[in-house]
Amino acid sequence: MEMYSASDLKKGLKIEIDGYPWVITDFDFCKPGKGTALYRCKLKNLMTGASMDRTFRPVDKVGKPDLEEREMHFIYDEGDNCVFSDSETYDEVRIPKEILGNKAKFLVEDALCQAVFFNGNPIDITLPTWYIAVISETEPGARGDTASSNVMKPAKIENGYELMVPLFINQGDTIKIDTRTGEYAERVNKA
Amino acid sequence: MPNASTKPDSLALLSGLARAFEFRSNALSLTRDFFRSQDFIEVETPIAIRAPAAEEYIEAPQTKDGLFLRSSPELEMKRLLAAGMKRIYELSPCFRLGENGRLHRQEFTMLEWYMAGADYREMLDFTIRLIRSLAKGLNVPDEICDVFCDWEIIPVREAFRKLAGADADQCADEEALFETVLVEQVEPKLPKDRPCVLIDYPIRFGAFARPKPEDPTLAERWEIYIRGVEVANAYGELIDPVEQEKRFRKYNQKRRENGLSEYPEATEFLEAIRYGIPASSGCALGFDRIVMLLFGAKSLDEVTYPR
C-alpha cells in the first residue's frame with residue numbers, strides 16, 4: 001500500500017486504518033515544549049460514519065486508501081441491487097441496496113450520480129440533490145396551524161417512503177426531498 | 001483613490017488584522033516599559049548563527065551558506081551572562097522548521113530573558129508580574145483572561161498521576177509517550193479559569209535546565225498555561241560545562257538516530273560555560289501567543305501576519 005508520512009496529514013485528507021477508509025475532519029499540529037511533534041486528528045469512517053480521535057507521531061506512516069470516484073447514470077432496480085451505467089466506460093455497475101439505504105428510494109431513471117469506490121467496491125453514492133415526489137398519504141393538517149412550518153406530521157410518498165412534512169401539505173401535493181438527508185425540503189408550486 | 005470594490009482577498013485579510021496589530025504594538029511597548037522598569041537591558045543577538053543549540057526535536061532552518069536561523073537566542077544570551085551582563089532580554093524573531101498550526105508558526109517572535117542570581121521560582125514570580133502588567137496596560141477584561149486570580153502550580157508528576165493516572169517518569173522513558181499523555185490527557189484537564197503552571201519535569205524534558213539539587217531526576221523547569229495554551233517556559237539554567245557537553249552529545253546522537261543532521265559544535269558557547277555562567281534563571285515566552293490570549297483570540301491566524 002502507498003503510505004503517507006505523518007507530516008502529510010491535513011484536514012480533508014483520506015487515510016486507511018484497520019482496513020477502513022477515513023477522512024480527517026479536524027487537524028491540529030501540537031508540539032508540547034521540548035517534546036516531539038504530534039498530529040492530532042479527528043477522523044470519520046467513510047463506510048460506517050463512525051468518528052474517532054487519533055494522534056500520530058512524526059515517525060508514523062499512514063495508509064493511503066484506494067479510493068476512486070466515478071460518474072454513473074441509474075438504469076434500473078433489480079431487487080437487491082440498483083444497476084448503474086458508468087458514464088465513461090458504459091460498464092454496468094451493481095450497488096447493493098444495503099449500501100444505498102434510503103437513497104435507493106430517490107433514484108429516477110437516468111439520474112446522474114457520483115459513486116465512491118474503495119478497493120474497487122462501491123461504498124457511497126451522491127444523488128442529484130432534489131427528488132420530486134407526490135404525497136400519497138397524509139392526515140389533513142389541523143385548522144389554524146397552517147401558517148406554522150415548525151410543526152410536522154407523518155406522510156408517505158408514492159413509492160412507500162415515509163417522512164415528516166409540514167401541516168399545510170396535503171395528499172396529492174408535490175414536494176422536494178433532499179436526497180442527502182432524506183428530509184422534506186419544500187412544496188413545489190403547482191403550475 | 002483605491003477602488004474598494006476590487007480590494008484583493010489578500011489585502012482584505014490584512015485590513016482585518018489592523019486592530020490586532022494595534023493591540024500587539026501596545027503590547028510591545030508595554031513589554032519594553034516593564035523590562036526597563038526592572039533594570040533590564042534589551043539585547044539583539046544575531047539571528048543567523050553558525051551553531052544552533054542541539055535539541056532533540058527542534059529544527060533550525062539552514063541558509064545556503066551554512067548558517068542557521070536560530071530557533072532561540074539562548075546560547076548567545078548565555079554568552080552575554082558569562083561576559084558579565086546580569087539582566088538581559090531579547091524580543092525578536094526565531095525560526096522552527098515544519099512547525100505550523102493553530103499555535104505554531106515557522107517564524108515567530110520570542111520574548112526571552114535571563115536574570116543572574118535568580119532561581120526558577122523567583123523567575124516564576126517575575127513572569128506572573130510581567131503578564132499581569134501587560135493585561136493591566138492592555139485593559140484586558142477578566143472574562144477574556146483573568147491573570148489576577150491565584151495561579152495554580154502543579155508538579156508534573158502530580159499532574160500526570162491525578163489527571164491521567166499515569167507515571168510521568170515511566171512515560172518519559174518511552175519515545176513520544178510523555179508528549180502524547182500530556183496533550184491528550186493532562187493539558188485538556190488543566191484549569192481554564194485561571195493560569196496554571198506545570199513545574200519540575202522529568203530530567204529528559206529539561207534540555208538546558210539544571211537538575212533539582214534535592215532530586216536530580218527532576219529538572220528545574222516550569223511551563224505556564226493560560227486558557228490551556230502553553231505560553232512560557234523557564235529553567236533554572238544548567239551551568240555545569242561537563243553536563244552540558246554530555247547533553248549536546250546525547251541530543252546530537254538522538255538527531256542522528258532520527259535522521260536529522262548533526263549541528264556544528266557551539267564552540268563559543270562552550271567556551272563561555274567553561275569560563276563560567278553565573279547561577280541564573282531564564283524564561284522564553286511566545287510573544288505571538290500571549291498577544292493572542294490577551295486579545296481573546298483562539299488561533300494565531302487572528303493576530304499574526306498571514307502565512
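Reader: Which residues in H5(B) meet B:Val181, B:Gln185 and B:Val186 in H7(B)?

Author: Happy to start there, keeping in mind that this is a predicted model. Helix H5 covers residues 156-164 of chain B, and helix H7 covers residues 177-186 of chain B. On the H5(B) side, the residues that meet those three are B:Ala159, B:Phe160, B:Leu163 and B:Ala164.

Reader: How do the residues of that contact of H5(B) with H7(B) divide into nonpolar, polar and charged?

Author: Gln falls in the polar class, whereas Ala, Val, Leu and Phe count as nonpolar. B:Gln185 is one of the residues that H7(B) brings to the contact. The division is therefore six nonpolar, one polar and no charged.

Reader: At what angle do H5(B) and H7(B) pack, and what does that make H5(B) to H7(B)?

Author: Two packed helices are described by the angle between their axes and the distance between the axes. Here the axes of H5(B) and H7(B) are 10 Å apart, and the angle is about 55°. Angles from 35 to 65 degrees belong to neither the roughly parallel nor the roughly perpendicular class, so H5(B) is oblique to H7(B).

Reader: Is the crossing of H5(B) and H7(B) left-handed or right-handed?

Author: The angle of about 55° does not stand alone in describing this pair. The crossing of H5(B) and H7(B) also has a hand, and that hand is left-handed.

Reader: How does the radius of gyration of chain B sit against the globule rule?

Author: Chain B has 10 helices and 11 strands. For its 307 residues the globule rule gives 19 Å, and chain B is close to that, so it is as compact as a globular protein of that length. Along its principal axes, the C-alpha trace spans about 65 × 50 × 40 Å. The radius of gyration itself is 20 Å.

Reader: What share of the residues in chain B is buried?

Author: Among contacts in chain B between residues at least 6 apart in sequence, 68% join residues at least 24 apart. As for burial, the buried share of the 307 residues is 40%.

Reader: Is A:Pro166 buried or exposed?

Author: A:Pro166 lies in strand S14 (residues 162-166) of chain A. Its C-alpha atom is 6.0 Å from that of A:Val151, 15 residues apart along the chain. Since a residue needs 20 or more C-beta neighbours within 10 Å, and A:Pro166 has 20 inside 10 Å, A:Pro166 counts as buried.

Reader: Which element gives the largest share of the side of chain A that touches chain B?

Author: The contact takes 15 residues from chain A and 20 residues from chain B. On the chain A side, strands S3 (20-30) and S4 (38-45) give two or more residues. The largest share, three residues, comes from S3(A).

Note on methods. Residues are numbered from 1 along each chain as its sequence is written. Chains are lettered from A and ligands numbered from 1 in the order in which they are written. This is a predicted model: local features need pLDDT of at least 70, side-chain atom pairs count only at pLDDT 80 or more; totals for chains, interfaces and linings use all residues. Axes are lines fitted to C-alpha atoms, for helices over the stretch in contact, and angles run from 0 to 180 degrees between N-to-C directions. Helices (H or I, at least four residues) and strands (E, at least two) are DSSP runs, numbered from the N terminus. Angles under 35 degrees count as roughly parallel, over 145 as roughly antiparallel, 65 to 115 as roughly perpendicular and the rest as oblique. A crossing is left-handed if the near helix is turned anticlockwise from the far one by less than a right angle, and right-handed if clockwise. Two residues are in contact if their C-beta atoms, placed from the backbone, lie within 7 Å. The radius of gyration is taken over C-alpha atoms; the globule rule is 2.2 Å times the number of residues to the power 0.38. A residue is buried if 20 or more other C-beta atoms lie within 10 Å of its own, exposed if 12 or fewer, and partly exposed in between; C-beta atoms are placed from the backbone.
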